[in-house]
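I opened the notebook for a fresh look at one chain. Here is what I looked up, entry by entry.

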Amino acid sequence: MPYQHVTVPEGETIRFRDGRLLVPHNPVIPFIEGDGTGPDIWRAAVRVLDAAVNKAYAGRRRIAWMEVYAGEKAFNMGLGWLPAETLQAFDAFRVGIKGPLTTPVGGGIRSLNVALRQELDLFVCLRPVRYFEGVPSPVKKPRDVDIVLFRENTEDIYAGIEWAAGSREAKQVIDFLRQRMHVTKIPWPDSSGIGIKPVSREGSERLIRAAIQYAIDYKRRSVTLVHKGNIMKFTEGAFKQWGYELAAREFREQVVTARESWILAAGDEFPDSDHARISRMIDPGYDMMTAEQQKAVRDEVAATLDTLMETHGRGRWRDKIMIKDTIADIALQQVLTRASEFDVIATLNLNGDYLSDALAAQVGGIGIAPGANINYQTGHAIFEATHGTAPKYANLDKVNPGSMILSGALMLEHLGWKEAAGMIVQALEKTISQNRVTYDFARLMDGAILLKCSEFATAMIENMN
């Protein structure tokens, strides 16, 4: 494929067949260095990534880096904020990486990051969050945080379906809601902006399927569906319900729901009990229910014991992946007070945005938080620094390159190059344990050795084994 502004290096294209990536020894990887501090952290990260690949595989593997353009650099080149050939390159070469991008001022693209995710249908925002020993943290037990968050990337309010207050479009939508749908809960229609929140079964299921499969592949303990279904019953409530249904339908042998585990545990302990007694054990309010509600609980108990006791009974449910759910506001509290109870989280777009940054703050901030946007159905993925551009620090060789470096390690793991990925994580841990850190950590640590962005990369390379 010819490119006008991109030089394709010598290397091979990553392919995708039968649900898996076929990665050559010299894959072409497109990259966007990013805006603001992007060039600083990219220069540091690419040195670390190349060193790890070279050391892990004794020169037998290498990445052929290919620069593509977006953001301010593309705009200043006269290419617009997001050139078509940049999207074509990410599509053709399948896996790429990017630094932080600025949000254009004025009309047009509302977010370059969102545009990339939507154009390439990168429906999973993958955010692993874990603590590295020695990193300053504002919480008492940061070591309890080892959570992998799957955030749905293409729906919810980030679909961008909204109209400004007072606009002709907003008036049309409000008139339709009031006159045709008989909506009465818009108290100030003339001054209300209107947004629409789409949540589909297909979008929810593919996100939750990816989260459960990840939990199986990486031997995690549980998947928690985080939602606000108590209020938004037909969007976030449906997300929860579709998740439970998918888990039971597609992963029956590998999973157990929290409620099923209560029934099975009671069945194991009291094998001769009738269904009413077990119903009372799992639903303390059973005796206050209507007869119809009580029957529904007894039917649930009977169905669970009949269908799962043989495969999940006698304690075997303890070895299964637990599928559970929690309300979003409760989750934001509990990741602070009992983070160890969370393992893999699957959630919608806005919830995931809040949760991922809140979790990152517990382990040192988004300066060392990796991220990826992935379509597991096609193999396409863009890995990215999860923080902003911080333009006041641009070209000062000052900021922490950890987010970009760890996102690169996540990319290597996605490629199947786990040895190189592990080497990067080990080197980062070792460097921090030596108190050799950038300014964001140094100002919070006693006895810190202050390093520049580039010096931190050098220290990591020195610490690679």
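**Entry 1: annotated sites**

I began with the record: UniProt, in an unreviewed entry, lists K140 for "modified residue: N6-acetyllysine". A reminder to myself before going further: this is a predicted model. I found K140 in the loop between strand 6 (124-130) and strand 7 (146-152). Is K140 buried or exposed? K140 is exposed, because its relative accessible area is 83% and the cut-off for exposed is over 50%.

Next I turned to S111, which the unreviewed UniProt entry covers with "modified residue: Phosphoserine". S111 sits in the loop between strand 5 and helix 4 (112-119). With a relative accessibility of 15%, S111 counts as buried, since the limit for that word is under 20%. So I have noted an exposed K140 and a buried S111.

**Entry 2: domains**

I checked the domain assignment, which gives domain 1 as 1-136 + 368-464 and domain 2 as 162-195. How many Å separate the centres of domain 1 and domain 2? Taken over C-alpha atoms, the separation is 42 Å.

**Entry 3: helix 12**

I then went along helix 12, which runs over residues 349-362 and has 14 residues. From its first C-alpha to its last, helix 12 reaches 20 Å, close to the 20 Å expected at 1.5 Å a residue. Which residues of helix 12 are buried? I listed N349, N351, G352, L355, S356, L359, A360 and Q362. They lie on the same side of helix 12, because they cover an arc of only 150 degrees around the axis. The background is handy here: an α-helix has 3.6 residues a turn, so residues three or four places apart point the same way.

What do the buried residues of helix 12 pack against? My list has strand 6, strand 7, strand 10 (222-227), helix 7 (236-250), helix 11 (328-337) and strand 13 (344-347). Strand 6 and strand 7 are also the two strands on either side of the loop that holds K140. After helix 12 comes G364, and I noted that its phi is positive, near 125 degrees.

**Entry 4: S222 in strand 10**

Since strand 10 is one of the packing partners of helix 12, I looked at S222, which has its place in strand 10. S222 is buried, with a relative accessible area of 5%. How many Å apart are S222 and I321 in space, C-alpha to C-alpha? They are 4.9 Å apart, although their positions lie 99 residues apart in sequence numbering. Leaving aside neighbours within four places in sequence, the contacts of S222 are I321, M322, K324, E341, D343 and V344.

**Entry 5: H387**

I placed H387 in the loop between strand 15 (381-385) and helix 13 (402-415). H387 is buried, at a relative accessible area of 16%. With neighbours within four places in sequence set aside, H387 is in contact with T37, I41, P100, I366, G367, N400 and S403.

**Entry 6: salt bridges**

How many salt bridges does the structure hold? The count is 30, and I looked at three pairs and one network.

K98 forms a salt bridge with E384, with the closest N and O atoms 3.0 Å apart. This pair links distant parts of the chain, K98 being in strand 5 (residues 95-98) and E384 in strand 15, 286 residues apart. Both ends are buried: K98 has 2% relative accessibility, and E384 has 6%.

K228 pairs with D329, and here the closest N and O atoms are 2.9 Å apart. K228 lies in the loop between strand 10 and helix 7 and D329 in helix 11, so the salt bridge ties together parts that are 101 residues apart in sequence. D329 is partly exposed, with a relative accessible area of 42%.

E462 forms a salt bridge with R436, and the closest N and O atoms are 3.1 Å apart. E462 belongs to helix 16 (residues 453-462) and R436 to strand 16 (residues 436-437), 26 residues apart, so I wrote this down as a link between distant parts of the chain. E462 is exposed, at 52% relative accessible area.

Last, I noted the network of salt bridges, which links R201, E205, R209, E245, R249 and E250.

Technical notes:
Residues numbered from 1 in each chain as written. Predicted model: local features only at pLDDT ≥ 70, side-chain atom pairs only at ≥ 80, totals over all residues. Heavy atoms only, no water. UniProt positions renumbered as here; feature names shortened; annotations may be inferred. Helix = DSSP H or I, 4+ residues; strand = E, 2+ residues; numbered from the N terminus. Buried < 20%, exposed > 50% of the residue type's maximum accessible area, 1.4 Å probe, protein only. Domains from an automatic or database assignment. Expected span 1.5 Å × (residues − 1). Arc of directions from axis to C-beta. Contact = heavy atoms within 4.5 Å. Salt bridge = Lys/Arg side-chain N within 4 Å of Asp/Glu carboxyl O.
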